[in-house]
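Thanks, everyone. Please bring up the sequence and the structure, and keep both in view while I talk.

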Amino acid sequence: MKTTKKVLLLITLISLCACKKDSKGDKDDYTTAQNSTAATECLAPSDWFTMVNNTRQTPAPNEGPTSVFANNATVTNCDFHQWSWQKFLWLTNEVNGVPSFMTSLIQVSATGQRLDPANGIVLTDTAQASSSTDILKTPNYTSGVPKSTTVYYSIFMDKKMHDTMLKYGPIAKNDPSKIKGITFPVGSLELKTSWIDASVLKDPSSYFITQGVINGVKTKVALLGMHVVGVVENHPEFVWATFEHENLAPAYDWSKATPTTDAPVTSTVDYPFFNKSSTSTITNITSGNGIYTDVFSVYKHGVPVEKAMKGSHDVQLFMKTSQNGSENFNNIRTINQSVKKQLKGIWNNYFYNGSIWINTEGYNTTQQQAALLDSLSGTLSESTPGKLTRGSVAAYNITMETYVQVGFGPKSIHQVTVDSLVNCLSCHNASHRSKLSPLYISHVFNGYVGSLKGLTRKQIKQESVKEIMDDYNLRQKLR
C-alpha cells in the first residue's frame, strides 16, 4: 500500500513539473507544439463536412453580432483559425464542380475595375505587393521540360465590399478627410488567388484546375494559393488568412543553423518551385534581387523561429513576440490535422498556413476600433511583446509574399529579429499618402482611388511599393 502511494506521489510530482515547464513562454518550440497533449485542441466540427447529393455543404461562418467575435474579451486564438478554415471551405463548396467563390464573388483588377470572367478567370497581374519587378516563376530546367512559367494573380470581392469601395472611392479622391474613421462593414470579403498554367505541372491531379484567360489566351490554370481576407465583428482590420497547395516548395532546415544554407530537399516530392539540382540561399527569397525561381518556405505557419539549438534533439525556439508562438502553432497544427481527416476531394490537398489580426479588447465600438487603426497607422504590423498583433505574426503565402518572408534585405535568415518581421499588416494599414482611414487597408481600394485620379496601373503600383518601403524604413529608424 505504501509502495503504491509512493508511486502515485512520484507520478503526480512528475506531472506537475511537466505542466510547470510547459507553461513557460520562453520555452516555446516546435517539439513542444507537435507533442502537446493539451486538454483542449483546436478542431474542425463535423458539420463543416456535411454531404448532400455527394457534394460538400459547409455552412457560412457566423461573423456578426451573435458570433464568438462579438465579445472581444473572450474570443480565443482558436476561434480565428476556425473562422479561417470554415470560410475557405464555404468558398470552395462546389456546384457542378465549380467552387462558389468563382460564381458568387466579383472579380476585379488591382485598380478595382470589374472584370468579366465569362471565358475563364482573367489573369494579367504578375507582381507581388513588395515589388513591381519580382515575378515568381517555375525553374528553368536544362532540358527545357517543363518550361518555365510565370505565376499570375486574381482578386475577388463580395458585393458588400465592392459596393463600399464604389461609394467611398470618389469621396476619398475629392476629400480624403471625409473617410477618416470609415470601415468596411462586417461580412466584407476579399480574396487574392495565385495561378499557374496547369500544363507545366508534372502531376496536376492534386490541384484544382479551371479555365483561365492569360493575357487574352484561354488556358487551363491550376490554383496555387489563396488569401481569405474578411471583416468579422470587432475586427475592421480584417482577419488575414492564407492557404496554399501542400507541395509547392521545400522548407528551410533550421537544424543546420547556418547563416545561409541551401534549402533542403529530402523528400521524393517534385516541387514546382524548386529544382532539386539547384542551389538556393536567402537571395532567392529577398525582394529586389530579381531571383525568380528556387524559392523555399522559412517559418512554418507564419510562426517566427528565433534560433535552432543543437543537442540530443534539434529544438527550434519560437521568437518572443506579441503572440504566444506555441499556442498559435499548435492550434493551426491541430485544426489542419482535423480538417485533413474529414475533408474529401481535391481541396484536401490545400492547407492553412496561418492568419493574423489585431487584439481589439477594450475597443468596443466600431468608432473606437477605427480610431485605433488610424492611430497605429504604419505601425499596425509591429509584433514586439506587448503590441496588438495576434496569430501568425510572420504570416505569408509562398506564392504571394515569396520575397518578404524574412523582411527586406537581411544578409542572413538568422539575423531576423522581432523588430524586422514583416507580415500582411506591414503592407496593409490605415495610412495612404499621409491620409488616414481603415478603408486604406485594402490595396484595391487605394488602386481604385488612384484610377479615379487618372493614375496608370504602373504608377499606382510604384506608389504602393514606395509607401511599403517608406513605412518599413521609418519603423527601423524609430527603433
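Of the 479 residues in the protein, 55% are buried. Keep in mind that this is a predicted model. The secondary structure comes to ten helices and 17 strands. Now the contacts. Take those with a separation of 6 or more: 74% of them join residues 24 or more positions apart.

Let's go to the enclosed space. How many cavities of 30 Å³ or more does a search of the whole structure find? Four. The largest cavity holds about 680 Å³ of space. Its lining counts 44 residues. Nearest the centre of that cavity are Ala-129, Lys-192, His-428, His-443 and Ser-464. Which element gives the most to this lining? Helix α10 does, with eight residues. Several elements supply at least two residues each, and α10, at 457-478, is one of them. Among the strands on that list are β8 (189-197), β10 (217-232), β11 and β16 (431-432). Among the helices are α8 (424-427) and α9 (443-452). By class, the lining of the largest cavity has 21 nonpolar residues, 14 polar and nine charged.

Next, the open space. The largest pocket contains about 720 Å³. It has 35 lining residues. Ala-251, Lys-300, His-301, Phe-351 and Asn-353 lie nearest the centre of the pocket. Four elements to pick out here: α2 (30-34), β11 (235-245), α6 and β14 (350-358) each give two or more residues to the lining. Helix α6 gives the most, six residues. The classes in the pocket lining are 19 nonpolar, ten polar and six charged. Note β11: this strand is on the pocket list, and β11 is on the cavity list as well.

Stay with α6. Two packed helices are described by the angle between their axes and the distance between the axes. Helix α6 covers residues 325-342, and its partner α3 covers 77-91. Their axes come within 10 Å and cross at roughly 35°. Is that crossing left-handed or right-handed? Right-handed. From α3, the contact uses Asn-77, Cys-78, His-81, Gln-82 and Trp-85. From α6, it uses Glu-327, Asn-328, Asn-331, Ile-332, Ile-335, Asn-336 and Val-339. Sorted by class, the contact residues are five nonpolar, six polar and one charged.

On to helix α7, residues 366-376. Which of its residues are buried? Gln-369, Ala-370, Leu-372, Leu-373 and Asp-374. The cover over these buried residues includes β11, β14 and β17, the last at 435-436. So strands β11 and β14, which we met in the pocket lining, turn up again over α7. Just after α7 comes Ser-377, with a positive phi of about 50°.

One last residue: Gln-113. Where does Gln-113 lie? In the loop between β5 (106-108) and β6 (121-123). Gln-113 counts as partly exposed because its relative accessibility is 33%, and that class runs between 20% and 50%. Which residues does Gln-113 touch, leaving out those up to four places away in sequence? Gln-107, Val-108, Tyr-448 and Ser-451. Look at Tyr-448 in particular. Gln-113 and Tyr-448 are 335 residues apart along the chain, yet their C-alpha atoms are separated by 7.4 Å. Tyr-448 falls within α9, at 443-452, a helix that supplies at least two residues of the largest cavity's lining.

That's my tour. Over to you.

Technical notes. Residues are numbered from 1 along each chain as its sequence is written. This is a predicted model: local features need pLDDT of at least 70, side-chain atom pairs count only at pLDDT 80 or more; totals for chains, interfaces and linings use all residues. Side-chain values use heavy atoms; hydrogens and water are left out. Axes are lines fitted to C-alpha atoms, for helices over the stretch in contact, and angles run from 0 to 180 degrees between N-to-C directions. A crossing is left-handed if the near helix is turned anticlockwise from the far one by less than a right angle, and right-handed if clockwise. Contact means heavy atoms within 4.5 Å. Ala, Val, Leu, Ile, Met, Phe, Trp, Tyr, Cys and Pro count as nonpolar, Asp, Glu, Lys and Arg as charged, and the others, Gly among them, as polar. On a 1 Å grid over the protein atoms alone, a cavity is a set of points where a 1.4 Å probe fits but cannot get out, and a pocket is an open set with protein on both sides within 12 Å along at least five of seven lines; lining residues have an atom within 4 Å of a point. Grid points are joined across faces, edges and corners, and a volume is the space filled by probe spheres set on the points. Buried means under 20% relative accessible area, exposed over 50%, partly exposed in between (1.4 Å probe, protein chains only).
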